[in-house]
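Welcome, and thanks for taking a look at this one with me. Have the sequence and the model open side by side, and we can walk through it together.

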Amino acid sequence: MNIKKSNNGRLGRTIEDFQEMLIGNLYHSHGQAIQSASKHDVYTALCYTVRDHLIERWRRTTDSHYKANPKFVYYLSAEYLLGKQLPQNLLYTETTELAQAALVKYGIDIDEICDIDVEPGLGNGGLGRLAACFIDSLATLNIPAVGYGIRYEFGIFKQAFENGWQVEKPDNWATYGNPWEFPQSDEMVEVGFWGSTEFYADDEGEMRVRWLPKQKVLGEPCTTLVPGYATEKVNILRLWRARATEEFDFELFDVGDYARAVEQKVYSENLSKVLYPNDSTQQGKQLRLQQQYFFVACSLHDIISRFRLRNYDWDQFPNKVAIQLNDTHPVVAIPELMRILVDNYHLDWDRAWKITCETFAYTCHTLLPEALETWPVDLFGSLLPRHMEIVTEINRRFLIELRKQYPGDEDRVNRMSIVSCGNNPQVRMANLATVGSFAVNGVAELQSRLLRERTLNDFAEIYHCKFQNKTNGVTPRRFMRLANPRLSELITSAIGDGWLTDLDRLENLEEHVEDRSFCEQWRNVKQHNKQDLTDLMLEKTGVSLDVESVFDILVKRLHEYKRQLLKIMHVIWLYQRIKIDPSKALVPRTFLFGAKAAPGYFMAKRIIKLIHSVADVVNNDTDLRGLLKVVFPANFNVSLAEKIYPAANMSEQISMAGKEASGTGNMKFALNGALTVGTLDGANVEIRERVGAENFFLFGLTTEEVFALKQSGYDPRSYYEANAELKNVIGAIASGYFCSGDKVLFRPVVDSLLNHDEYLLLADFQSYVDCSERAAAAYTDQDRWTKMSIMNTARCGFFSSDRSMKQYCQKIWRVEPVEIK
């Protein structure tokens, strides 16, 4: 295909040039003329045309990196929730208007084409979306970086609801191919599993160890371009998919054993089939560990190949390579790098360990003990025998030093050991990550403090210089400019452009908070966004919403500590108040939930059913006069989030204090002008500090109060007995009021609340109800509310992922930008 370029080497920027490229891509990629092309044909051709603009920048980026030989950031993450790529890449290549004009000629609406764009479901929640924000910011900041992960065939499930129950269906996101990726089968990597190790003498007579894997699979890289905004930089994301070393056994096929003839292909490709297989079974645990090692082994092979293009001195490796471990999933990279250096390149142990420890940095995203991964030694040692030997040796040397520092303190030694003691010894991945990394960071000030003081406090005592905080952030390009174009245009009209790459400039909005005309425009933007969401919810759920009501929204992964159950208890409380006095004046409210529950998470799925059951009663009770509506659209993802955040009036961030690592939904809501109803948990603490206590609705126990209450012996029934309204709420759930009198259906929920209440819903209930009513009352004063909304946006510029990445670059990785000319 002949691609038109201007005299400066860039692609032609006229409508005619774009049309010519689009039609050329239609012919070359689909063998179609524009007159006979389907909408999907046009979509693919448009993606290729936009991608052609990115490829030119990628080529220049690659050339610049090769010449500069800079230090690279390599970001290892098991998840990436990228969102739809077409609207973003149109924005980043400045071709949105060109594409619109080119398509209009043929009577094609660009919005209809963008709707075809598929969102890759390669993540489960905040971890994956954070990774996507970070690689976007790294490119925007001109930082040399590569993201690595797994190219899941199905990724996270597609959620549907049947009679209020969550049903998981395959997410066939790649059925029609992915126009944004380049499969590069000529760069496949061989990865081993199982087998044994042996000693041997090398050519110089030195005794060495080598691993003899019993099974091998191939990792095929699929490269996606990651452009920066307002820069020429294009980095890459490499996702690995599994391929069989031998896909077909002709002899078995020839004798009619067709299933076994392709058995190796099926077995191998299971590795990249689905995100997070259920690990409640031994087979699930094995597959999950295989997935982690598979993508780590492929990625390290690629990283070392890149290093050795221009470098040969292994001692320079940490000066050219910074590898960030995004939670514990990729931590097996530490023994893998040791294996490569010691076994393949014959470095002595001390030298290899020094290089390794100066290369890796570890982000801990949790305070939940169950989320700090451990692997049974039997499984780890069978699947990765050489790595188990290396982990054992790392641990032996570590414990020698630990006993020197704390003689006689075997309790500490047992707590800190990388391999636990007992009848079922485990490899503790967080301990391994902390010992084998030069930096350990949390993702919000509170969580980082709790990591030091509680979760990893033993390690923080001896490695205090390693521990840092790097508060999370989000990209304003996607979650403001693309998600909320009306608000973005209003902001630009008030403070000028440039704020999308310097979000601190939002503070200039404070100058307009007393401007009645600006405030009126701000309200109008919110109302238009609410109308858009109202139309979407009617289409998706059949529920008609009141656009004048308060849009009170709770959208995030469903886990008991995030307390979606507390929110629906508040809805029941409100419902009962109206039923007692139907004439009572109340602020009209719309409650919107969005959440997926892990397929094997019994209680979370029961809570989803409860929310739907309450919604069925509330939405159909004529006594309510439309004062309350509850809506729960299926399949909450990035695309749906982009419709929800701009329309929210209230942002529910109600996790029990001391449980949420950071949260990023709280930031997205606040940047779009929603007011937070929340606890002092995660990044809520920092949001409140910045927006001001007067612009934040606070409730609930503090972290210290939570710990004290649990230590003193928390009795949830005492709160139940002391609060008549709370008793009525739980009584309605227990009696079957919301499920046609079925007293069994929600008994597990009631029993959990009354007998355990792990996350202190009953202790926080009254405080939460009172706070929610204060927030609803504040909404009735629209002048005050609008000013509070503006102040939330104006004071949240800190929560840009650009700021996060700058801090990582300066304080952890010590990397510099490389400008692309």
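Which exposed residues does the face of helix 4 turned away from its buried side carry? They are E97 and V104. Keep in mind as you look that this is a predicted model.

The other side of helix 4, which runs over residues 96-104, is just as easy to pick out: L98, A99, A102 and L103 are buried there. These four cover an arc of only 120° around the axis, so they sit on the same side of helix 4. The pattern fits a simple rule: an α-helix has 3.6 residues a turn, so residues three or four places apart point the same way. As for partners, the buried residues of helix 4 pack against helix 1 (15-30), helix 2 (39-68), helix 3 (86-92) and helix 5 (110-116).

Now let us turn to another helix. Helix 27 spans residues 684-691, and its buried residues are N684, V685, E686, I687 and V691. Their cover includes both helices and strands: helix 18 (445-455), helix 26 (665-671) and helix 33 (782-794), along with strand 20 (650-653) and strand 21 (675-678). Just after helix 27 comes G692, with a positive phi near 100°.

A loop residue makes a nice contrast. P369 lies in the loop that links strand 12 (360-363) and strand 13 (374-376). With a relative accessible area of 57%, P369 passes the 50% cut-off and therefore counts as exposed. Between P369 and L586 there are 217 positions in sequence, and their C-alpha atoms lie 42 Å apart.

Stepping back to the whole protein chain, here are some overall values.

| Property of the protein chain | Value |
|---|---|
| Helices and strands | 34 helices, 22 strands |
| Span of the C-alpha trace along its principal axes | about 90 × 75 × 65 Å |
| Share of the 821 residues that count as buried | 62% |
| Accessible surface | about 32200 Å² |

How does the radius of gyration fit in, and what would a compact globule have? For 821 residues a compact globule would have a value near 28 Å, and the protein chain agrees because its radius of gyration is 28 Å. Among contacts with a separation of 6 or more, 76% join residues 24 or more positions apart.

The surface and the charges round off the picture. Carbon and sulfur atoms account for 48% of the accessible surface. The protein chain has 94 positive and 108 negative charges, and the mean positions of the two sets are 2 Å apart.

Notes
Residues are numbered from 1 along each chain as its sequence is written. This is a predicted model: local features need pLDDT of at least 70, side-chain atom pairs count only at pLDDT 80 or more; totals for chains, interfaces and linings use all residues. Side-chain values use heavy atoms; hydrogens and water are left out. Buried means under 20% relative accessible area, exposed over 50%, partly exposed in between (1.4 Å probe, protein chains only). Helices (H or I, at least four residues) and strands (E, at least two) are DSSP runs, numbered from the N terminus. Contact means heavy atoms within 4.5 Å. The radius of gyration is taken over C-alpha atoms; the globule rule is 2.2 Å times the number of residues to the power 0.38. Accessible areas come from the Shrake-Rupley method with a 1.4 Å probe; for residues, only the protein chains shown count as cover. Lys and Arg count as positive and Asp and Glu as negative; His and the chain ends are not counted. The place of a charge is taken as NZ of Lys, CZ of Arg, CG of Asp or CD of Glu. The arc is that of the directions from the helix axis to the C-beta atoms.
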